[in-house]
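Biologist: I would like to learn how to read a helix against the core of a protein. Could we go through one together?

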Amino acid sequence: MDDISYTAQWTAAVRALETERSDGLFRDEYARCLAEPRGFELLDRYRGAGVSDFVAVRTRYMDDALTRILGETGIRQVVLLANGMDVRTHRLDWPAGTTVYEVDHGPLLDEKQARLAALAAEPRVPTVPISADLAGDWLEALKSGGFDPAERTLWIAEGLLFFLTEEQAGRLLETVAGACPSESRLVIDMTSAALLRHPMTQAFLRRLREDGTPWRFGTDDPEGFLTAHGWTVEDLRQPGEPGAGERRWPYAVPPREARGVPRSWLISAVTADRP
């Protein structure tokens with residue numbers, strides 16, 4: 001792939017268009033620049049299945065969850081996993097004393113920093129870029145960058161798990177849970193297994209496969225999957241529910257008991273009790 005992944009460009013383009021709406025769910029004044037060179041082209045290619053609406057709702061949910069958790073818990077160490085071209089470090093207000101670690105591929109981090117520097121954009125919080133491959137031994141790189149495993153941590157993993165296999169997703173969750181003390185937090189999104197099978201999503205999923213970025217993992221039991229890998233769900237919503245874009249989501253929200261329905265999950269969790 002290019003130094004900037006296709007999905008990072010595409011989601012930046014979604015954030016740019018959302019910012020330009022009069023009723024936008026958030027503002028990201030840097031997104032249009034960060035979507036280049038292919039982000040807006042990919043918007044057309046990946047159109048359908050409600051994915052652009054989901055990215056907008058997901059961004060706002062994660063922004064709100066991050067702000068709420070830092071305010072309620074006093075956590076001041078934050079790790080953004082595979083953050084792509086998002087710039088929460090530049091567009092959100094952060095409590096004093098917070099440090100953010102951004103873990104992603106080195107070329108993407110370098111390109112993002114170069115573009116932001118050209119815009120004279122400065123982060124609102126001390127930010128440490130960590131060049132690492134999440135498929136490798138990224139935790140040691142994070143520790144070498146100053147991450148303190150004895151300090152409670154808020155982990156943000158946006159748009160990540162469905163690119164992994166089920167085994168990789170479980171291992172990542174366990175690694176994160178084991179890297180920090182009790183009462184640490186996680187904000188994450190997941191998709192349902194039914195979404196990966198549903199006829200409505202197949203054209204979109206086929207284009208992702210053609211571009212070398214297939215979606216591999218989904219679960220119809222997000223609470224069970226997270227519990228099995230070290231986390232207890234505190235908040236779980238589907239797009240369109242209160243607190244998750246209820247006035248913007250253009251589709252009916254299916255009840256949890258309905259089977260075979262494509263869904264996405266927006267989740268906040270806490271490290272499970274340990275022996």
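Modeller: Gladly, starting with helix α8, whose buried residues are A169, G170, L172, L173, V176 and A177. Buried means under 20% relative accessible area, exposed over 50% and partly exposed in between (1.4 Å probe, protein chains only). Helices are DSSP runs of H or I with at least four residues, numbered from the N terminus. This is a predicted model, where local features need pLDDT of at least 70 and side-chain atom pairs count only at pLDDT 80 or more, while totals for chains, interfaces and linings use all residues. Residues are numbered from 1 along each chain as its sequence is written, and side-chain values use heavy atoms, leaving out hydrogens and water.

Biologist: Why do the buried residues of α8 line one face of the helix?

Modeller: In general, an α-helix has 3.6 residues a turn, so residues three or four places apart point the same way. Here, the buried residues fall within an arc of 160° seen down the axis of α8, so they line one face; the arc is that of the directions from the helix axis to the C-beta atoms. The face turned away from the buried side carries the exposed residues E167 and G178.

Biologist: And T175 in α8, what is its relative accessible area?

Modeller: T175 has 26%, so it is partly exposed. Leaving aside neighbours within four places in sequence, T175 is in contact (heavy atoms within 4.5 Å) with W138 and L139.

Technical notes. Helix = DSSP H or I, 4+ residues; strand = E, 2+ residues; numbered from the N terminus.
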